[in-house]
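Please look over the model shown here. The report below takes its strands, helices, salt bridges and cysteines in turn.

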Amino acid sequence: MTSNPSSAASTYDVVLIGGGIMSATLGAMLRQLEPGLSIGLFGRLDDVALESSNGWNNAGTGHSALCELNYTPLRPDGVVDISKAVNVNEAFQVSRQFWSYLVETGQIASPRDFLNPIPHMSFVWGPENVDFLRRRHAALQEHPLFAGMSLSTDEGQLRQWMPLVMQDRKPGQPLAATWHPAGTDVNFGALTHRLIDLLQGKPGFDLNLAHEVEDLKPAGNNEWDVSVRAVHGGGERRVRAKFVFIGAGGGALHLLQKSGIPEARGIGGFPVSGQFLRCTNPEVVQQHHAKVYGKASVGAPPMSVPHLDTRVIDGQRGLLFGPYAGFSTRFLKQGSWLDLPRSIRMDNIGAMLAVARDNMPLTKYLIQQVMQSSEDRLKALRDFVPTARKEDWELITAGQRVQVIKKDAKRGGVLQFGTEVVTGAGGSIAGLLGASPGASTAAPIMLTVLQRCFGGRLLQWESRLREMIPSYGVKLGQDAALCAQVRERTRTALQLDG
């Protein structure tokens, strides 16, 4: 990956801040829609995709709610609510369509560069959990987005689906699992590189690596002055932008605050670090070919659902188990310990204190996670892999997440676990905050940015948008025929199963 700051312009139509999947996706979309736009991307590290988008900094699950039990809560009346699962799946179908378009038009040579078919499974034990999984399967299988999902409580079938998980498991315990062949493992780091390569292959794009954006101020006429510092020396410079997108992960909060837009007032961030156990021993890895999600423990946040994942990174297979949550005051994995205290302001401190007051179970859970020993982590792993040996697994640190804290009229402040787009100044600036399902829904998130910030051009872009995303403007869950058509097209283009 090369950087060409010396040839960079002083004025851009679009400035992208952050070198991850979000900036890369927006840049690639804009290049398809209006090739004449001048685009400058500024990343603070020496390459793109070194923070949360990096292949080993996330679980790589193509989040489509096929296996994630936290997207289908059980209501007090005993009915499984699938509304969030439908929304998550629909969003991922948009990403699949955009990736398919890039493959079909030859802009990405092979989907195997970043995407592999891996079955998605949910796995539970105990009578209550087995009953829940039956209800969940019954509710989902009637929806066209989840057609093809199988349920079994038969140990023989479960051994076929996940032999490593079933090996030496104690007999007599009620078990159940669902299995769907259409699941995916996504290397978002590799995808980010492919999208940046696509941009670099065209004129009007400047990649500025090892350049940190330190400030941005309104410059009149809905434009922005962006102050940039060369990380390895070379001083500071200022560029002008007609539109700014802040896709800098947890670092987006500080820049949104510096922008001064009213829409950023009152927003805070709660950083959560994560760790995984990784196995690259071929003898173990070859025994598992699935992403197997369980149920979160009591008091655990939604992003801490335990799962055992097959990963394919740069052609090499491995296994990942976790996540083990932790706490750090950094907003980025390669950030500063002062990130959290520097983000506290008079306009958001009330909401942050309210969240601290109302989330004591979460605080207790994080303390317990931080205090875990290697034996504690191994014990949790053995719930999924009874035969796990300590010497086969290494502890790695994942990307940093910053959950959004917002003001709330009744409670003072609420902690959100989704992803939020913040826009302001007449649509001349947008920032992305939050976490899961995050990268999996990069394409629909960027459609939201286009709708809010480029609304005047959407009519002239509509035909191209429909080429890129045939379901544009339609809810797939409400059109079974289009849903089937889209799934088959993307399955073929992306060489997927199911």
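What follows is a short account of selected elements and contacts.

**Basis**

This is a predicted model, in which local features need pLDDT of at least 70, side-chain atom pairs count only at pLDDT 80 or more, and totals for chains, interfaces and linings use all residues. Residues are numbered from 1 along each chain as its sequence is written, and side-chain values use heavy atoms, with hydrogens and water left out.

Helices (H or I, at least four residues) and strands (E, at least two) are DSSP runs, numbered from the N terminus. Buried means under 20% relative accessible area, exposed means over 50%, and partly exposed lies in between (1.4 Å probe, protein chains only).

**Strands around β6**

Strand β6 spans residues 175-180. Of its 6 residues, 5 are buried, so the strand is mostly covered. Two strands count as paired if DSSP finds at least two bridges between them. Strand β4 (residues 120-125) runs antiparallel to β6, joined by 6 bridges. Strand β5 (residues 150-152) also pairs with β6 in the antiparallel sense, over 3 bridges.

Which residues stand opposite A177 of β6? F123 is one of them. S152 is another. In a regular strand the side chains alternate between the two faces of the sheet.

L41 lies in another strand, β2. Its relative accessible area is 0%, so L41 is buried. L41 and V124 are 83 residues apart in sequence. In space, their C-alpha atoms are 44 Å apart.

**Two helices**

The expected span of a helix is 1.5 Å times one less than its number of residues. Helix α1 covers residues 21-33 and has 13 residues. From first C-alpha to last, α1 reaches 18 Å, close to the 18 Å expected. Helix α6 covers residues 188-200 and also has 13 residues. The reach of α6 is 18 Å, again close to the expected 18 Å.

How many residues of α1 are buried? The count is 13 of the 13, so α1 is largely enclosed by the rest of the structure. In α6, 10 of the 13 residues are buried, so this helix is largely enclosed as well. The buried residues of α6 include F188, L191, H193, L195 and L199. An α-helix has 3.6 residues a turn, so residues three or four places apart point the same way.

**Salt bridges**

A salt bridge is a side-chain nitrogen of Lys or Arg within 4 Å of a carboxyl oxygen of Asp or Glu. The structure holds 27 salt bridges. Three of them are listed here.

| Pair | Closest N to O distance |
|---|---|
| R44 and E212 | 3.8 Å |
| R229 and E212 | 3.0 Å |
| D347 and R265 | 4.0 Å |

The side chains of R44 and E212 meet in a salt bridge. This pair links distant parts of the chain, 168 residues apart. R44 sits in the loop between β2 (39-42) and α2 (83-104), and E212 in strand β9 (residues 211-220). R44 is partly exposed, at 29% relative accessibility. E212 is partly exposed at 25%.

E212 also forms a salt bridge with R229. R229 lies in strand β10 (residues 223-230) and E212 in β9, so this pair ties together parts that are 17 residues apart in sequence. R229 is partly exposed, at 25% relative accessibility.

D347 and R265 form a salt bridge too. This pair links distant parts of the chain, 82 residues apart. D347 is in the loop between α9 (339-343) and α10 (349-358). R265 is in the loop between α7 (252-259) and β12 (268-279). Is each partner buried or exposed? D347 counts as buried, at 16% relative accessibility. R265 is exposed, at 56%.

Salt bridges that share partners join R44, E212, E214 and R229 into one network.

**Cysteines**

A disulfide is a pair of cysteine sulfur atoms within 2.5 Å. A search of the whole structure finds 0 disulfides. Why is C67 unbonded? The closest cysteine sulfur, in C483, is 18 Å from the sulfur of C67, which is too far for a bond. C67 is buried, at 0% relative accessibility. C453 is buried too, with a relative accessible area of 13%.
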